[in-house]
Amino acid sequence: MTEQTVNPGEVLLEVEDISLSFGAVRAISDVSFDIKKGEIRAIIGPNGAGKTSMLNCINGFYHPQQGTITYKGQKRSQMKPYEAAAQGIARTFQNVALFRGMTTLDNIMTGRNLKMKSGLFSSMLWWGSAQKEELEHRRYVEDIIDFLEIEAIRKTPVGRLPYGLQKRVELGRALAAEPELLLLDEPMAGMNLEEKEDMCRFILDVNDEFGTTICLIEHDMGVVMDISDRVMVLDYGGKIGDGLPEEVRSNQKVIDAYLGGGH
Ligand SMILES: Nc1ncnc2c1ncn2[C@@H]1O[C@H](COP(=O)(O)OP(=O)(O)OP(=O)(O)O)[C@@H](O)[C@H]1O
Ligand SMILES: [Mg+2]
């Protein structure tokens, strides 16, 4: 099947019956769920429930032993992370993964790599056009910096920034790839209330202004209930709930999992 255009409200990504094991550890058991174009889809669940593993399957880091993942009508097998990126899937990590010695600006520029046509060889031949391209990418990155309100730290090495701002720079790098589907693994972890409110606003604005579909893992239930359209709940690798935030909140299995877990 070839890649198709997906309209808002239609299924963008479909996960069918996937299972993933690491030796004797079953990280995901027979989980099916979908992500619709344009929505903010949350994945929640206690520690070790399989949430990060699910994102890793979606962007090609892990390959489930069973089940299928279909993105934009294309069923995939053994896809690599860079292929997922080329198809429009970008992500941030649970533990910030930036180049600590590089500036905010340069870190966000690395998110543009896939968009850059000029390799070293063509840059030598066509110096002028490569320079023009570089300028256009810089302009795009500067727009992201404006959007995320991080002008003041554009030249600061990210290793020197507080954690909350590093998370914002990482969001910037993911946005630089102009993703159609953005995967966020605990974007608000370790933040204070004000930083959380800012991050919520940016996530809502990305979704609203760019039409980017977002799948996020988050532990803060207030945030999840406030910003997501639908919520999927994992516990011990299995799906125990899926639906509108208010449906999930009153689901007895979900309540039990959270009371029984460390939350
Ligand atoms: N690369 C790996 N090798 C071995 N086991 C793994 C690997 N990745 C995940 N696991 C195991 O799979 C299970 C699910 O882990 P995962 O990181 O997906 O959970 P999570 O829901 O993201 O948890 P948390 O809320 O703590 O981030 C855990 O038992 C974990 O130890
Ligand atoms: Mg995790």
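**Group meeting talk: strands, helices and a magnesium site**

Let me start in the middle of the fold: strand β3, residues 40–44, runs parallel to β9, and four bridges hold that pairing together. One of the matched positions is I43, which sits across from M232 in β9. Before going further, please keep in mind that this is a predicted model.

So, what about β9 itself: is it buried or exposed? All six of its six residues, 230–235, are buried, so the strand is largely enclosed by the rest of the structure. You can see this on both faces. On one side there are R230, M232 and L234, on the other V231, V233 and D235, and every one of them is buried.

On to the other neighbour of β9. Strand β10, residues 238–243, joins β9 through five bridges, and here the two run antiparallel. D235 has G238 in β10 as its bridge partner. The two strands make a hairpin with two residues between them, and Y236 in that turn has a positive phi of about 50°.

Now let's zoom out to the sheet. Which strands are in it, and in what order? There are six, arranged β6-β7-β8-β3-β9-β10 as an open sheet with mixed pairing. β6 and β10 are the edge strands with a single partner each, so each has one side without a neighbour in the sheet. From one strand to the next, the twist averages 15°. Helix α1 packs on this sheet, where it touches β3, β6, β7, β8 and β9, and its direction makes about 150° with that of β7.

Let's stay with α1 for a moment. Seven of its eight residues are buried, so this helix too is largely enclosed by the rest of the structure. The buried ones are K51, S53, M54, L55, N56, C57 and I58. Just past the helix, G60 takes a positive phi of about 85°.

T52 brings us to the metal, so here is one for the biochemists: which protein atoms are the donors of the magnesium ion, ligand 2? They are OG1 of T52 and OE1 of Q94, at 2.0 to 2.2 Å from the ion. T52 lies in α1, residues 51–58, while Q94 is in the loop between β6 (89–92) and α3 (104–110), so the pair ties together parts that are 42 residues apart in sequence. T52 is partly exposed, with a relative accessible area of 24%. Q94 is also classed as partly exposed, at 31%.

Two more helices, please. Helix α7 covers residues 193–209, 17 residues in total, and reaches 24 Å from its first C-alpha to its last, close to the 24 Å expected at 1.5 Å a residue. Its buried residues are K196, M199, C200, F202, I203, V206 and N207. Those residues cover an arc of only 165° around the axis, which puts them on the same side of α7. As general background, an α-helix has 3.6 residues a turn, so residues three or four places apart point the same way. On the face turned away from the buried side, α7 carries the exposed residues L193, E194, D208 and E209.

Helix α6, residues 163–176, has 14 residues that should span 20 Å at 1.5 Å a residue, and its end C-alpha atoms are indeed 20 Å apart. How much of α6 is buried? The count is 12 of the 14 residues, so α6 is largely enclosed by the rest of the structure. Among them are charged-looking names you might like to find on screen, including K167, R168, E170 and R173. After this helix comes E178, whose phi is positive, near 50°.

Last stop: the N-terminal strands. β1, residues 11–22, and β2, residues 25–36, pair antiparallel over eight bridges. E14 stands opposite D34 in β2. These strands also form a hairpin with two residues between them, and G23 in the turn has a positive phi of about 60°. β1 has a further antiparallel pairing, with β4 (residues 66–71), over five bridges. There, L13 has Y71 as its bridge partner.

That's the tour, thank you for listening!

How values were computed. Residues numbered from 1 in each chain as written. Chains lettered and ligands numbered in written order. Predicted model: local features only at pLDDT ≥ 70, side-chain atom pairs only at ≥ 80, totals over all residues. Heavy atoms only, no water. Donors = N, O, S within 2.8 Å, 3.2 Å for Na, K, Ca; no water. Buried < 20%, exposed > 50% of the residue type's maximum accessible area, 1.4 Å probe, protein only. Pairing = 2+ DSSP bridges. Axes fitted to C-alpha atoms, helices over the stretch in contact; angles between N-to-C directions. Contact = heavy atoms within 4.5 Å. Expected span 1.5 Å × (residues − 1). Arc of directions from axis to C-beta.
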